[in-house]
Protein chains: 2
Amino acid sequence: MDTSIKKKRMRGRLSREMIEDAAFEVIEKEGLAGFSMRKLAAALGCEAMSIYHHFPSVAHLHEALVDRLVGALEMPDAGLPWRQRMRIAIEDFRRIGRDHPAYATFFVTYRMNSPICLAWLNGILSLFRDGGFDTELSARLFRAVGYYLMGAVLDENAGYAKGPSAVNTVSDEQLARDFPNVMAAGRFFGTAEFDKTFELGLDMLLDEMERLRDGVGAGQLSGKV
Amino acid sequence: MDTSIKKKRMRGRLSREMIEDAAFEVIEKEGLAGFSMRKLAAALGCEAMSIYHHFPSVAHLHEALVDRLVGALEMPDAGLPWRQRMRIAIEDFRRIGRDHPAYATFFVTYRMNSPICLAWLNGILSLFRDGGFDTELSARLFRAVGYYLMGAVLDENAGYAKGPSAVNTVSDEQLARDFPNVMAAGRFFGTAEFDKTFELGLDMLLDEMERLRDGVGAGQLSGKV
DNA sequence: CTTGACAACTTACACTGTAAGGTTCATTTT
DNA sequence: AAAATGAACCTTACAGTGTAAGTTGTCAAG
């Protein structure tokens, strides 16, 4: 029987790293929703349950994937100007989405509490502290910038440019007729415009952080509401 | 047989509105992942397949839910100051998440292309135009502010404060020892701090938009990197 | 050569969305 | 009043999911 041959081939072949590699591939090929243990097993040439020997559940596997992506992040050189360091750290994170677009929605909705993720988070908070902010402002600015970053990663990888997720879509003619602003803006919502738009918002936040540090804080503009 | 009684009770009872109401309830009670057509049917006192008479698929149902939430949004009074109008529109959207926390992750990852959502989008783009920005800047600022808003809705309803989604969590002792910055910042990551943090980031963006309109644009600060 | 541990496989279960087709009942037409 | 129509709901079934439990194959140490 060739089953014996097959079995001979399989024994001791799997490893956590191999499984993670294959998982990234399957996710990007089949989409996040299309990913399953059985499809992953098929890609690996083994049975679904074999994976459970290395990862006790899909949740554990997913966490390993997040950890690998976040674990690869390095803190920007402390010798660089602060604004540049912040920009690099943010762009590094953003690049994860770019490299794993299908995984981005999971990545962004994942609550990072694993040791590896906490280490990264700890480093980023240090970076804010280095900007001259106290604990409270560091925490809040991290959140604010993080909100922006998360939203951007989400949109850039799973947003408008990827086509509608709506079931009742609207034709181009109807769009032009009924929603002219959307029609006009659409030109700036595509993939080619991601960088420029992201830079705009990021510069806005970086500018404000510098102003905050210099005592010209947010909401201190005349005419504030 | 009491089946006849049961059936008598059922006929003509369901409606799209009823199903949507029940769906919101089930989602908030069971969580987004715990939602299913069978659980929804159970909540309605009918069979799963009965729902398909009113909604051809779960996707259609979900779209109806999003449409209902977005459809309820109204554009802020055009007579108010621009900054206030913008703030109100943003807070209105944010409130959706607050009212439907479990639905927030779906809501935020949903690509709004239904007519109702496009109408809202069209109105918001008008609001940006009213701020004195041209088509391009309106589009980009909408995106930038939208990124921030989406990230905030995500975090406030499915983020850190909801506990870890990680499988390998870290004890408080280890957190204090190995990740002191996270430990210190944690105090500002809770639900009670959402409003203040959100206001900070929002004010930063609003300030910058006003500056942009007045010709002191983002990235024009001295020392920009 | 035996033993034991480990890695992979097999089977089975409870769950999911939904396609296909059957049943029942209100309404409308004759 | 009787018949026909069609909407509303139900039943059954299938392919897919994660994974618990039990089984088998393989290799290394005694």
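Trainee: Hello! How much area do domain 1 and domain 2 of chain A bury between them?

Mentor: Good place to start. The size of an interface is often expressed as the accessible area that is lost when the parts come together. In this predicted model, the two domains of chain A bury about 490 Å² between them, and carbon and sulfur atoms account for 72% of that.

Trainee: Which residues of domain 1 of chain A lose the most area to domain 2 of chain A?

Mentor: Look for A:Phe24, A:Glu28 and A:Leu32. Together they make up 84% of what the domain 1 side buries.

Trainee: Where are these domains in the sequence of chain A, and how far apart are their centres?

Mentor: The domain assignment gives 14–56 as domain 1, while domain 2 is made of two stretches, 74–158 and 170–214. Their C-alpha centres lie 30 Å apart. At the boundary, five residues of domain 1 of chain A are in contact with six residues of domain 2 of chain A.

Trainee: How many salt bridges and polar contacts are counted between those two domains of chain A?

Mentor: The salt bridge count there is zero, whereas two residue pairs are in polar contact. Sorted by class, the domain 1 side that touches domain 2 in chain A has three nonpolar residues, one polar and one charged.

Trainee: Now for the two chains. How many residues of chain B are in contact with chain A, and how much area is buried?

Mentor: The same idea of lost accessible area serves here. For this pair, 82 residues of chain B are in contact with 82 residues of chain A. The buried area is about 7,600 Å², with 66% of it from carbon and sulfur atoms. On the chain B side, B:Arg111, B:Arg140 and B:Tyr147 lose the most area to chain A, together 11% of what that side buries.

Trainee: What is the count of salt bridges between chain B and chain A?

Mentor: It is eight. One to find in the viewer joins B:Glu208 to A:Arg211, where the closest N and O atoms are 3.2 Å apart. Chain B and chain A also have 32 residue pairs in polar contact.

Trainee: Which element gives the most residues to the side of chain B that touches chain A?

Mentor: Several helices of chain B give two or more residues to that side, among them α5 (58–71), α6 (82–99), α9 (135–158) and α12 (194–213). The one that gives the most is α9(B), with 18 residues. By class, that side of chain B has 41 nonpolar, 22 polar and 19 charged residues.

Trainee: How are chain B and chain A related in space?

Mentor: In general, two copies of a chain are related by a rotation about an axis and a shift along it. Here a rotation of 180 degrees, with 0.0 Å of shift along its axis, superposes chain B on chain A with an RMSD of 0.0 Å. The two copies are therefore related as by a two-fold rotation axis. The same surface serves both of them, since 100% of the contact residues of chain B recur in chain A.

Trainee: Why are A:Arg94 and A:Glu91 separated by about one helical turn?

Mentor: Because they are three residues apart in helix α6 (residues 82–99) of chain A. Their side chains meet in a salt bridge, 3.0 Å from N to O. Over all chains, the structure holds 48 salt bridges.

Conventions:
Residues numbered from 1 in each chain as written. Chains lettered and ligands numbered in written order. Predicted model: local features only at pLDDT ≥ 70, side-chain atom pairs only at ≥ 80, totals over all residues. Heavy atoms only, no water. Contact = heavy atoms within 4.5 Å. Buried area = accessible area lost by both parts, 1.4 Å probe. Salt bridge = Lys/Arg side-chain N within 4 Å of Asp/Glu carboxyl O. Polar contact = N/O pair within 3.5 Å; in protein donor to acceptor, adjacent residues only side chain to side chain. Helix = DSSP H or I, 4+ residues; strand = E, 2+ residues; numbered from the N terminus. Nonpolar A, V, L, I, M, F, W, Y, C, P; charged D, E, K, R; others polar. Least-squares fit on C-alpha atoms with pLDDT ≥ 70 in both. Domains from an automatic or database assignment.
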